Amino acid sequence: EVSRAQAQAEVLLQEAQQARSIAKMAQAKADTDRLAAEEEQQQIREMRERLNQEQIHLTEMLSFMERRLKAQESIADRAWQSPSRAPHHPDEPQIHLTEM
């Protein structure tokens, strides 16, 4: 009777050790998965930051180009409105102040 109880106790002990080993492996996998998820989240945050910076840069560049285009249009409008600066006909000679 004692040896049978001892054998059962040994089986239970082995099962407990197996369960502990499985639990340790599961915990290690959970830790690895958590670290991988945290690393992925960090990469996503960094990518979002780079995209935000790129968007800011492109917005500034677009604003600069729009201002430049408006300035060029304004210069062109003034040139057309001023008779002295209006483009001359290609067949007519252009008279400069030094020739007068």
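Modeller: Helices are DSSP runs of H or I with at least four residues, strands are runs of E with at least two, and both are numbered from the N terminus. This is a predicted model, in which local features need pLDDT of at least 70 and side-chain atom pairs count only at pLDDT 80 or more, while totals for chains, interfaces and linings use all residues. Residues are numbered from 1 along each chain as its sequence is written, and side-chain values use heavy atoms, with hydrogens and water left out.

Colleague: How many helices and strands are there in the protein chain?

Modeller: Helix H1 covers residues 2–81. The count for the protein chain is 1 helix and 0 strands.

Colleague: What percentage of the residues count as buried?

Modeller: Buried means under 20% relative accessible area, exposed means over 50%, and partly exposed lies in between (1.4 Å probe, protein chains only). Of the 100 residues in the protein chain, the buried share is 2%.

Colleague: What area does the protein chain expose?

Modeller: Accessible areas come from the Shrake-Rupley method with a 1.4 Å probe, and for residues only the protein chains shown count as cover. Carbon and sulfur atoms supply 57% of the exposed area. The total is about 9700 Å².

Colleague: Why are Asp31 and Arg34 separated by about one helical turn?

Modeller: Their side chains meet in a salt bridge at 4.0 Å, N to O; the term means a side-chain nitrogen of Lys or Arg within 4 Å of a carboxyl oxygen of Asp or Glu. Asp31 is partly exposed at 28% relative accessible area, and Arg34 is partly exposed at 43%. The separation of about one helical turn follows because, in helix H1, the two are apart by 3 residues.

Colleague: Which residue is linked with Asp31 and Arg34 in a network of salt bridges?

Modeller: Side chains of opposite charge can pair when their charged atoms come close. The structure holds 4 salt bridges. The residue linked in a network with Asp31 and Arg34 is Glu38.

Colleague: Which side chain meets Asp33 in a salt bridge?

Modeller: Asp33 is partly exposed, with 41% relative accessible area. Its partner is 4 residues away in helix H1, so about one helical turn separates the two. The N to O distance is 3.0 Å, and the partner is Lys29.

Colleague: What accessible area does the nonpolar patch with Met65 have together?

Modeller: Patch residues have over 30% relative accessible area and no salt bridge; like charges are joined within 9 Å, nonpolar side chains (Val, Leu, Ile, Met, Phe, Trp, Tyr) within 5 Å. Met65 lies in helix H1 and has 44% relative accessibility, so it counts as partly exposed. With Leu58, Met61 and Phe64, Met65 forms a surface patch of about 370 Å².
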